[in-house]
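Here are some short exercises to work through with the model open beside you. Try each task before you read its solution.

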Amino acid sequence: MTKLVFQVKEMKSILPRLMKKINFKKNSLVANFTKVNWFTFILVFAVLGVTCQAPTQKKKIMARNDADQPVIRVGVLQGRAQVDFRVEGKVSFVNRDADFVLRGLPGGRWKIEAIDSKPAEYVYQLAVGTRKGRWQAEEVLRSVRNKGLDAHISKIETNNLSIPYVHKSVYQIVLDKKFSSENDAKTYQSEIQEKTNSEIIKIPQNDSEGTLRFTNLDNNYNFDSPGPIRLRTSQIQLADVEVGSGFHWETTEHRAYGGTFEFLLDQDGMITAINELFLEDYLKGVVPSEMPAGFPYESLKAQAIAARVEAVSKIGLRHPFEPFDLCDEVHCQVFSGLSHNAERSDMAVESTRGIFMIHRNKITEAFYAGVCGGHTENNENVWLINAKGYLRGVLDRDGNRLSTPLSEESNVKKWIDSNPDVYCSSTRKNRPTSVNYSKKYFRWQVEYKRQELEKIIREKTGEDFGELVDLVPLKRGVSGRLIDLQVVGTKKRFIINRELPIRRALSNKTLYSACFYIKKRGRTKGLTHTYILKGAGWGHGVGMCQVGAAVMAHAGKKFDQILTHYYQGIFLQKLYN
């Protein structure tokens, strides 16, 4: 049978004539079969079908329902000997075989304890990079071996998501040498620092042992489980969830969660709590945690897409040896469950549902940071990953690039001391009031007495360098962010590599950014008395500048214009309904 395809104009002209042959009653459509022949009847429904049908151009890559969108397992508590929680409504406890341990209990206060637990045994190794392509990993492997280091490629299966353009595995380049303790691995890491950057990975050799004990605090009833327990309930509230660990906003708070909850013993024999939920529900807990819900709506939509892309691109990559896909902290993305959900951010997620950023037929990565300081950074200058064409550092405004490279020391000083006309500038006209909090991040300054800074560096790096003689910038990225910083002491000198370790080594928490220069004031016995760090921005600076995105949206830019400014060369595609 020949397939009929109607154009909109044709349907508008045909439909009224067809409707004359059909009797109508109020609020219902009744076909009078004695007056309508079968061809007319079929034609009516063919037209109606065409007018109501969604576009079929991307049918092959569109999921049909929630069951086909990704399910995310988020680690919300880790390394706990005890966890306190409250259940709203009735609750059932189910074991790993899906058998009910307890069914339909009333809600209330509970605690979980790790009983007679024994951690797994570990070996420690050094990873020198992770690549999503085998040939890229082979290039890194050859480079490492040419430096006299024995290494191999370890393939990590990342996910089995039912959406296209996703890397199903990644390749980690790992040095062959194994260590029984983390301290031994750190010592070797320092020895090879001149040859390669690396990070320590912890690989379990067996399973932990122990029992989970659940106790109802309202009636003291308890039961033990040797394996994981899943809770089926409408909502669960956890006490003392860590927020912003290691950063200046570090705190704890009570949080509420929906979805499915699972408690288990991790490889250290401690309790891990996991929230399992659909990706779109997960994003409703991420967007208002990563970007204020009062930001302009188009920037919230851009954030929703970036967070969706980040979640999918990081599954199996950030926590390959853990029982969850992503953590709920800055390391992956901040996820606060139901606690900070807001109508505007929920709408931003729903209005961009299923939309991803694509580059060269793969879902991209979508790093983002609070305030870039005026210029974003190349991704390879921050992490041990290969350069991405869509993650190039860009000037945070429309128009020309800078004529003077910020990788040069003299230019960085001028840049930080100036107030460039960029989107995230604290003095830019026509800024939304919702970004006023960011003024302290655009340009900032911290001061340390020498002895104070010595103590911080010693505690953060574990290096015994004696008294601090100097801090020497060795290498900067395109945004001016430090890549290598040399610490010169009376006993030894050593190099701190990469943006985040530098930020952590020079602060009790974490410096706002690695885009800073060093001023010295006064001398005592031949040593500097005070170190002044003058800096720009907040965060690693790769990808979207969140305050810049808000200012762009306030100026009338749409979410796609925001995303293509910060992630150049990408396009947007809807991968499920």
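**Exercise 1. Work out how strand β18 is paired and how covered it is.**

Step 1: start with strand β17 (residues 260-265), which pairs with β18 in the antiparallel sense over six bridges. Strands here are DSSP runs of E with at least two residues, numbered from the N terminus, and two strands pair if DSSP finds at least two bridges between them. Within this pairing, Glu-262 has Ile-274 of β18 as its bridge partner.

Step 2: look at the turn. Five residues separate β17 and β18 in a hairpin, and Gly-269 in the turn has a positive phi of about 75°.

Step 3: add strand β3 (residues 71-80), which runs antiparallel to β18 and is joined to it by seven bridges. Here Arg-80 stands opposite Ile-271.

Step 4: check the cover. Six of the eight residues of β18 (residues 271-278) are buried, meaning under 20% relative accessible area with a 1.4 Å probe, protein chains only.

A note on the source: this is a predicted model, in which local features need pLDDT of at least 70 and side-chain atom pairs count only at pLDDT 80 or more, while totals for chains, interfaces and linings use all residues. Residues are numbered from 1 along each chain as its sequence is written, and side-chain values use heavy atoms, leaving out hydrogens and water.

**Exercise 2. Describe the setting of Ser-225.**

Step 1: place Ser-225 in strand β13 (residues 222-225). Ser-225 counts as buried because its relative accessibility is 6%.

Step 2: list its contacts (heavy atoms within 4.5 Å). Not counting residues up to four places away in sequence, Ser-225 touches Thr-211 and Leu-212.

Conventions
Helix = DSSP H or I, 4+ residues; strand = E, 2+ residues; numbered from the N terminus. Buried < 20%, exposed > 50% of the residue type's maximum accessible area, 1.4 Å probe, protein only.
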